[in-house]
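User: I would like a close look at one part of this model. Start with the chain as a whole, then zoom in.

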Amino acid sequence: MFALLPLLLSFPLQSASEPSAKLPEGIVAQWDGGSISALRLERFLGHTFHRKPVGQEALRHLLQIQLVEREASARGLAIPESAVSERIHLAEQQSESAGIDLYAAIAQRGMSREHFQKLIRDSLLHEELVRQDLSLTTTPTVEQQKEWTESKVGELIAASLKSPPGWALSEGNWEISLEELGASIHSALSSNRIQEYLEQLIIQDKLEAWAKETGTILTPEILQAEIEWRRNRVSQNPAFGGMTYEKLLSSQGSSLEAVKHGAELRAVGFLRLLARERWNDAWFDSLSPEVRAAHNAKFGESRQVSWLFLHAKNEKSDPLDLDFNDARNELLAYRKEMEGPHNFGKLASKLSEHEPTRTRDGMLGWLHRNEPGVIDEAVCKVAFDSDINNISDPFRTKEGMAILLVHQIRPRPDEVVFRELVRRSKHEELRESLLSDVTY
């Protein structure tokens with residue numbers, strides 16, 4: 001069975017935008033005093049993703065392509081033009097039957113007709129290699145082709161994890177540079193993701209230049225403070241299920257050592273120092289009572305909270321729906337059944353209709369008085385109006401009704417820590433200011 005159409009439809013879409021005519025050839029970003037080349041961006045992508053799933057998948061793709069070409073060359077295999085034309089004709093027929101404009105789909109995915117023909121030729125070479133090795137008289141199945149490729153590629157993927165600096169793979173006659181890997185990743189990621197990584201490079205360059213110009217020294221204490229901040233964020237976020245920062249990095253194909261020696265941590269360290277300069281102690285001392293209160297609501301006292309949530313509507317559209325009064329009565333019944341806070345998590349894990357927290361016994365985590373864009377303000381209000389270890393009355397949220405339980409209260413941090421938290425929240429504002437004069 002010919003499987004070209006699913007392959008074609010899964011081929012990554014390319015950005016329709018063209019490089020800016022204002023930029024020199026090979027440059028993807030420029031500002032007064034600096035620029036980023038396409039080659040450097042691709043090396044950055046290769047280095048960043050090398051040992052991560054996206055990078056491993058891109059490397060696998062490169063190996064699959066090179067594997068077919070190398071094996072075919074070593075065996076002296078060649079595909080007749082007539083066979084390529086026949087396969088293309090079959091693709092055209094399948095596309096027409098499926099109501100797909102084949103060549104429009106090719107163009108949409110950034111492929112030229114020549115690239116498409118090469119893809120066809122490589123697929124035919126792949127089939128022939130597998131047919132020879134398995135002594136088949138018919139076209140190998142997709143599964144047989146996958147198994148053949150995996151057996152050849154698996155050892156190379158494992159070897160890639162031990163490659164010397166600068167290489168995605170250096171094993172025997174196989175050499176794939178980080179730039180080559182980055183180019184493959186570049187074609188696979190969305191334009192929005194590429195923009196994110198390009199901006200990261202720009203920010204790193206600008207902060208290094210700022211530090212050099214001002215004589216700013218990045219001390220180990222600053223870097224360690226950032227690592228500790230990340231550790232606390234991971235440990236306090238119930239979404240990570242008690243995972244440590246180190247384990248989170250490992251699950252992403254990274255490590256604490258890699259972070260410590262990476263440019264990204266240096267950049268955040270410099271952001272911390274720049275934020276101290278922009279929002280210094282004099283700035284805090286000049287704040288109005290209203291602004292100070294707003295900062296206290298976001299970074300002051302916090303409370304560890306669990307909840308039990310039920311969906312509710314103003315009007316029922318189905319007999320199984322609950323209106324707000326039904327939900328209130330049901331929650332009152334659940335509260336009575338709990339017979340105290342010790343059974344709150346047990347019932348929340350069975351009855352709550354908020355799936356992310358239901359699987360964690362209803363645990364929402366640590367909340368401040370104001371969590372804009374993160375938590376419904378009604379939840380925060382009830383949490384700060386409730387006593388510790390007392391189950392609240394049912395209250396209305398945007399999507400239903402809930403009851404909650406406050407487990408612990410953490411007081412406002414001391415002034416030094418408080419100011420660092422406020423400054424940390426300004427990092428995005430600093431990033432935007434650093435990017436304001438960049439041409440893409």
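How many positive and negative side chains does the protein chain have, and how far apart do the centres of the two sets lie? After that, please take helix α9 (residues 191-214) as the part to examine closely.

Analyst: One caution before the numbers: this is a predicted model. The protein chain carries 52 positive and 66 negative side chains. The centres of these two sets lie 5 Å apart.

Now the setting. The chain has 440 residues, and 40% of them are buried. Its secondary structure comes to 21 helices and 8 strands. The C-alpha atoms fill a box of roughly 80 × 70 × 40 Å along the principal axes. The radius of gyration is 29 Å, whereas a compact globule of 440 residues would have one near 22 Å. The accessible surface comes to about 24,500 Å². Carbon and sulfur atoms account for 51% of that surface. Take the contacts between residues at least 6 apart in sequence: 71% of them join residues at least 24 apart.

On to α9. Its length is a quick check. The helix has 24 residues, so at 1.5 Å a residue it should span 34 Å. The C-alpha atoms at its two ends are 34 Å apart, which agrees. Glycine 215 follows the helix, and its phi is positive, near 70°.

Next, which residues of α9 are covered? The buried ones are Ile194, Tyr197, Leu198, Gln200, Leu201, Ile202, Ile203, Gln204, Lys206, Leu207, Trp210 and Ala211. Helix geometry helps in reading such a list. An α-helix has 3.6 residues a turn, so residues three or four places apart point the same way. In α9, Ile194, Tyr197, Leu201 and Gln204 are among the buried residues. So are Ile203, Leu207, Trp210 and Ala211. Note that Gln200, Gln204 and Lys206 are buried too.

What do they pack against? The partners of the buried residues include two strands, β1 (27-31) and β2 (34-37). The helices they pack against are α2 (38-49), α8 (178-188), α13 (263-278) and α21 (427-434).

Isoleucine 203 shows one such meeting in detail. This residue sits in α9. Its relative accessibility is 3%, and buried means under 20%, so isoleucine 203 counts as buried. Leaving out residues up to four places away in sequence, isoleucine 203 touches Arg431, Leu434 and Leu435. Serine 433 is 230 residues from isoleucine 203 along the chain. Even so, the C-alpha atoms of the two are separated by 9.9 Å.

Follow α21 a step further. Histidine 427 is found in this helix. Its relative accessible area is 5%, so histidine 427 is buried as well. Beyond its neighbours within four places in sequence, histidine 427 is in contact with Val268, Leu271, Arg272 and Ala275. Helix α13 (263-278) is also one of the elements that the buried residues of α9 pack against.

Last, back to the positive phi at glycine 215. Two residues elsewhere have a positive phi without being glycine. Glutamate 339 has a value of about 55°, in the loop between α16 (324-338) and α17 (344-351). Glutamate 339 is exposed, with a relative accessible area of 64%. Asparagine 389 has a phi near 65°. The loop that holds asparagine 389 runs between α19 (377-385) and β7 (395-396). At 41% relative accessible area, asparagine 389 is partly exposed.

Definitions and conventions:
Residues are numbered from 1 along each chain as its sequence is written. Side-chain values use heavy atoms; hydrogens and water are left out. Helices (H or I, at least four residues) and strands (E, at least two) are DSSP runs, numbered from the N terminus. The expected span of a helix is 1.5 Å times one less than its number of residues. Buried means under 20% relative accessible area, exposed over 50%, partly exposed in between (1.4 Å probe, protein chains only). Contact means heavy atoms within 4.5 Å. The radius of gyration is taken over C-alpha atoms; the globule rule is 2.2 Å times the number of residues to the power 0.38. Accessible areas come from the Shrake-Rupley method with a 1.4 Å probe; for residues, only the protein chains shown count as cover. Lys and Arg count as positive and Asp and Glu as negative; His and the chain ends are not counted. The place of a charge is taken as NZ of Lys, CZ of Arg, CG of Asp or CD of Glu.
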